[in-house]
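Let's take a walk through a protein together, going from the outside to the inside. Keep the picture open as you read.

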Amino acid sequence: MPKFILFVFLCFISFSLKAQTWELGGGVGGAGYMGDLNISNPVKVSGISIGAFVKRNFDGYLSAKLNYTYGIISAADANSSSVQFEQRNLSFTTALSEVGVIGEFNFFEYIPQIGKNIFTPYVFLGVAALTFSPSTVYQGQKYDLSTMATEGQKKPYATTAFSIPYGAGIKYNITGKFTLGFELGYRNPNTDYLDDVSGNYFYSGHNTISEKLSDRSGEKSGVYIGSPGSQRGDGQPRDTYFFTQVTIAFTFLTQKCYYH
């Protein structure tokens, strides 16, 4: 994963250095996810996100950017309105760190300061590398779930993944070369372990901490519902996460960049 990120960074920077027009910006907002602990609400924000980007504008419609975003997602069955989820009683918090190359398409020709349109909606699509680190708190102590084998894994699952960012937004030329934007972007990573939940309950017979973290249903009631081999997650092959951000950017441009 580090080699992939370094390769993308070097390729993008070497290309940008040849560019006449480029853009620097950042954003803040929220992060959320859909997965085994949230199967029905695609816009539920559960943590913060912050990001930065460098963008190459090819013309008033097309651009590509190297983007970094850090976010936090979390969920707890104890807060669910579903009786089944509440009984399961699992919880997690995950820090997300994403580097991606993303292409944008503006619906209206957009050139801050010198263009005729002061705003435009846009869509985007790209590819990204992701690292994540699910954890939970049990009896006052924090545990790194990726090393706990809570579903009986023979070895820890990978905490790196590739994902496909896609979404839409709107940008507005607030003054001069400054652009204010708002966007919502979803990601489909090739992992189902953002929340540490994917497969079935297991039983080792040794009363290990992994077993206790696997089935937490009896912490309140004393009755444990996670029978060995029964389904622990939602049966879907992947989790989904999203970032929603307000962004601000400064574009380095001259009329010559676009018209000559």
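Start with the skin of the protein: its accessible surface comes to about 13100 Å², and 61% of that belongs to carbon and sulfur atoms. What you're looking at is a predicted model, by the way. Under that surface, 45% of the 260 residues count as buried.

Now for the overall layout. You can pick out five helices and nine strands. Reading from the N terminus, the elements go α-β-β-β-α-β-β-β-β-β-α-α-β-α. Take the contacts between residues at least 6 apart in sequence: 74% of them join residues at least 24 apart.

Let's zoom in on the strand β5, which covers residues 119-138. How many bridges join β5 to β4? There are 14, and the two strands run antiparallel. One example to look for is Glu 98, whose bridge partner in β5 is Leu 130. β5 also pairs with β7 (residues 160-175), again antiparallel, through eleven bridges. Here you can find Tyr 122, with Gly 169 as its bridge partner in β7. Then there's β6 (residues 141-144), joined to β5 by four bridges and antiparallel to it. In this pairing, Tyr 138 stands opposite Gln 141. β5 and β6 make a hairpin with two residues between them, and Gln 139 in the turn has a positive phi of about 50 degrees.

Next, the inside. The largest nonpolar core has 22 residues, and Leu 96 and Phe 132 are the ones that touch the most other members. The elements giving two or more residues to this core are β1 (22-34), β3, β4, β5 and β9 (240-252). Which element gives the most? That's β5, with three residues. If you click on Leu 96 and leave out residues up to four places away in sequence, you'll find that Leu 96 touches a whole list of residues, including Tyr 70, Ile 73, Leu 130, Phe 132, Leu 194, Tyr 241 and Phe 243.

Time to look at the rings. A pair of aromatic rings is described by how far apart the centres are and by the angle between the planes. In this protein, the count comes to 13 aromatic pairs. Take Tyr 61 and Phe 105: their ring centres are 6.4 Å apart and their planes are at 20 degrees, so this pair is stacked. Tyr 61 lies in the loop between β2 (45-57) and β3 (62-76), while Phe 105 is in strand β4 (residues 91-106), so the pair ties together parts that are 44 residues apart in sequence. Are these two buried or exposed? Neither, quite: Tyr 61 is partly exposed at 33% relative accessibility, and Phe 105 is partly exposed too, at 35%.

Tyr 241 and Phe 243 make another kind of pair. Their ring centres are 5.6 Å apart and the planes are at 70 degrees, so this one is edge-to-face. Both Tyr 241 and Phe 243 are buried. Rings can also join up in bigger groups: ring pairs link Trp 22, Phe 178, Phe 250 and Phe 252 into a cluster.

Finally, look for charges over rings. The charged end of Lys 65 sits over the ring of Phe 53, 4.7 Å from the ring's centre. Remember Tyr 122 from the β5–β7 pairing? The charged end of Lys 171 sits over the ring of Tyr 122, at 4.6 Å from its centre.

Methods:
Residues numbered from 1 in each chain as written. Predicted model: local features only at pLDDT ≥ 70, side-chain atom pairs only at ≥ 80, totals over all residues. Heavy atoms only, no water. Buried < 20%, exposed > 50% of the residue type's maximum accessible area, 1.4 Å probe, protein only. Contact = heavy atoms within 4.5 Å. Areas by Shrake-Rupley, 256 points an atom, 1.4 Å probe, with all protein chains shown as cover. Phe/Tyr/Trp six-rings, centres within 6.5 Å; stacked < 30°, edge-to-face > 60°. Lys NZ or Arg CZ within 6 Å of the ring centre and 35° of its normal. Core = buried A, V, L, I, M, F, W, Y, C linked by side-chain atoms within 4.5 Å. Pairing = 2+ DSSP bridges.
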